[in-house]
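Colleague: I'm new to reading protein models and would like a close look at a single part, with its surroundings explained as you go. Please pick one residue to start from and then lead me on from there.

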Amino acid sequence: MLSIQKLNCSWTLVATIASILALVSVIHLFLFPLAPSLDFFSQAQSSCVPVNGSSQAPTNHVREDLQPAADLDHRFPAGLHNEVVYRSAPWKAEIGWWLSGCDSVAKEVSIVEMIGGSNCKNDCSGQGVCNHELGQCQCFHGYTGEGCSERLQLGCNLPQSPEQPYGRWVVSICPAYCDTTRAMCFCGEGTKYPNRPVAEACGFQFNLPSEPGAPKLSDWTKADLDNIFTTNGSKPGWCNVDPAEAYASKVKFKEECDCKYDCTWGRFCETPVLCTCINQCSGHGHCRGGSCQCDNGWYGIDCSIPSVKSSVRDWPQWLRPAQVNVPDNAHLTVTNLNAMVKKRRPLIYVYDLPPGFNSLLLEGRHFKFECVNRIYDGKNATLWTDQLYGAQMALYESILASPYRTLNGEEADFFFVPVLDSCIINRADDAPHLSMREHRGLRSSLTLEFYKLAYDHIVEQHPYWNRSSGRDHIWFFSWDEGACYAPKEIWNSMMLVHWGNTNSKHNHSTTAYWADNWDSIPSNRRGNHPCFDPDKDLVLPAWKRPDGVALSSKLWARPREKRKALFYFNGNLGPAYPNGRPEDSYSMGIRQKIAEEFGSSPNKEGKLGKQHAEDVIVTPLRSENYHEALASSVFCGVFPGDGWSGRMEDSILQGCIPVVIQDGIFLPYENVLNYESFAVRIREDEIPDLIKILRGFNETEIEYKLANVQKIWQRFLYRDSMMLEADRQKTAFGHVEDWAVELLQLIEDDVFATFVQVCFFQ
């Protein structure tokens, strides 16, 4: 069970009794920063005390007017499964009582926000953003040095040899012009379209398949220069194809060439469009392929931090209204300004890390869909992606635009460290400067190294880590096995993950993909920590794009009588089925066992599951309307893939009762919400009895669980981040799209609100 920790949350629940003993208890809590147990919560629920902040905070914010714990039982009664409802969601009782009792007494505090005015060398030479707090440049891709004046040479190709004239394969491999600031391949001068990408297979010849139906394979040793550069009238090379003639089918071209890079649209990359940046530079800058080029007077990864050069009227909402203290010597050069802003705790300080941990990973990506949750079409309309790892970007954007954000590290309750592991892993080995050679090809090892370097940076450059040994720091690990990859130095911190493996049963890497396996990472780097600690960490939902049609259909609200199937699971079922994953270890064997018992589609041998039934659907055949199939079922399977999968989110968002089978591995919010009130957990050794167990639930219990699913489904949407995008589109075009219209009608708490409630309280 997650404890709302003193050092991992901004407020602590402390017993306030009119006795010296209670005072001693409070002092003890401040001197010994240990995570309070649930026993503590059940015994002490009578006041709310901020943890960090000004020296006046403990005195000013102790509330002695709450009823004692026994009375909270009556004020906020528990439900059928001992859940306590707070803001419509069924929480574990101790947490639900605490949130319900403390929410009403939280007060605003006055926070001094420092507005920086330090300058950078040569104003970063136009190739970077000046951090006006530190007076340091954050250089764009391909540039370095104190003033970003030094140009890097980031080659596209690995060292060549007679056998491999372009080097061994890497995503950036290039037989044409290499832009060495980004390690990206383009047509180059001398062609009709010099800025057209020549991505991967486009520039190389193919070997014919060895057998009928097999795919063509690129020969990375032989460039296909004719199909790139020729000016032949009927079949011009890719770099000389006129889009109008190609669309009119007047000319032929190499079909393997396409438009993979961000910032362009069309089959031939002929239309420049918006690039994808964090918060689209907040209206104070220009997005250049993933990095924000901020307007004068603004800085930060999303240009959301004002300097003394900015106008107060343009400051973001999280810094307004502000009382600005203008010094007497304001007619001279002002280095810093102090602005007094009223805020509610908890306060989150976001590190402005060197861009190599985030924005450069976005700027240099070779495939526009990688590690982002949206791109832009030919009319600059938002196209949401199905990139499951997009949750990392969504949460980051919400924190940066949140009223809980602060620039004052001394007042902060939490410190968010923005390392984008979804980009690191997606981009591992995609260019020579991101080589995994030193990591033996293990993306897990490369990712761990990035987090270790981020830790080294904040310890060396900032004073905040040591005050709690990092227990008030937050790191997000979005990949398949979450914080299994975390370096030992940061394990005290709060980990946000999608994979809550406590290692109580599966005490090893569970992925079937060898490059992500972490078993061989030595203990002197990783330590011996579990992948997830329910006392301090939190599993967040995976990203699911907003679908206007699905939202308007209100599938989540479909009643019991319209859910005809008892159980539904649609997904890869392993090697026994056509196109199934070949590894026996895939899904830890769970999907395979389910299919063996209940498969409703024939496997390679033409057999159905031993216990197949008409109202039980277990199939690898993708439904024509997956969401509709989920919404037509009472129970839906939630099983692992290579680590986590998005099946929990699919079930909840369509109003289906999730059936979880993965021993010792937590699902989203499972250590804080009362899962028994809306889900079913079945042990792996109970798989043969799955349907028998589900048929044993009476209609009252089924209706109860369905009703609770309907209460929490919005907590599995990243609506806050989506609405930030909707606001940007409305500002740009004067209207909102269908998905935004539907989201505007939702009023319950989303992922970000739940994150804030779990870690702190609102």
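Modeller: Let's start with Asn122, which counts as exposed because its relative accessibility is 53%. The cut-offs are these: exposed means over 50% relative accessible area, buried means under 20%, and partly exposed lies in between, using a 1.4 Å probe and protein chains only. Please keep in mind that this is a predicted model, in which local features need pLDDT of at least 70 and side-chain atom pairs count only at pLDDT 80 or more, while totals for chains, interfaces and linings use all residues. Residues are numbered from 1 along each chain as its sequence is written, and side-chain values use heavy atoms, with hydrogens and water left out.

Where does Asn122 lie? Asn122 sits in the loop between strand S5 (108-116) and strand S6 (128-131). Helices and strands here are DSSP runs numbered from the N terminus: a helix is H or I with at least four residues, and a strand is E with at least two. The backbone of Asn122 is worth a look too, with a positive phi of about 55° although Asn122 is not a glycine. Most residues other than glycine have a negative phi, and most peptide bonds are trans.

Asn380 also has a positive phi, about 65°, and is not a glycine. You will find Asn380 in the loop between strand S23 (374-376) and strand S24 (382-384). Asn380 counts as partly exposed, because its relative accessibility is 22%.

Now for the peptide bonds. A cis bond runs from Arg320 to Pro321, with omega near -10°, and Pro321 belongs to the loop between strand S19 (305-306) and strand S20 (322-325). Another cis bond joins Arg345 and Pro346, where omega is about 15°. Pro346 is in the loop between strand S21 (336-344) and strand S22 (348-350).

Let's go from these loops to some buried residues. Leu99, in helix H5 (residues 93-103), counts as buried because its relative accessible area is 0%. Val84 is 15 residues from Leu99 along the chain, and their C-alpha atoms are separated by 9.7 Å.

Loops can hold buried residues as well, and Val170 is one of them: its relative accessible area is 1%. Val170 lies between strand S9 (150-151) and strand S10 (177-179). Leaving aside neighbours within four places in sequence, Val170 is in contact with Cys156, Leu158, Asp429, Asp430, Ala431 and Pro432; contact means heavy atoms within 4.5 Å.

Asp262 is in the loop between helix H7 (243-247) and strand S14 (264-265), and it counts as buried because its relative accessible area is 11%. The side chains of Asp262 and Arg365 are joined by a polar contact of 2.9 Å. A polar contact is a pair of N or O atoms within 3.5 Å; within protein, one must be able to donate a hydrogen and the other to accept it, and residues adjacent in sequence count only if both atoms are side-chain atoms. Beyond four places in sequence, the residues in contact with Asp262 include Leu274, Thr276 and Lys368.

Further along, Tyr626 is in helix H15 (residues 626-631) and counts as buried at 8% relative accessibility. Tyr626 and Asn570 are 56 residues apart in sequence, yet 8.2 Å apart in space, C-alpha to C-alpha. Asn570 is also one of the contacts of Tyr626, along with Tyr568, Arg647 and Asp650, leaving aside neighbours within four places in sequence. Gln654 follows in the loop between helix H16 (647-653) and strand S34 (657-660), and it is buried, with a relative accessible area of 5%. Among the residues Gln654 touches, not counting those up to four places away in sequence, are Trp556, Arg563 and His627.

Finally, step back to the whole chain. The protein has 21 helices and 36 strands, and 59% of its 762 residues count as buried. Among contacts between residues at least 6 apart in sequence, 65% join residues at least 24 apart. With that picture in mind, you can return to Asn122 and its exposed place in the model.
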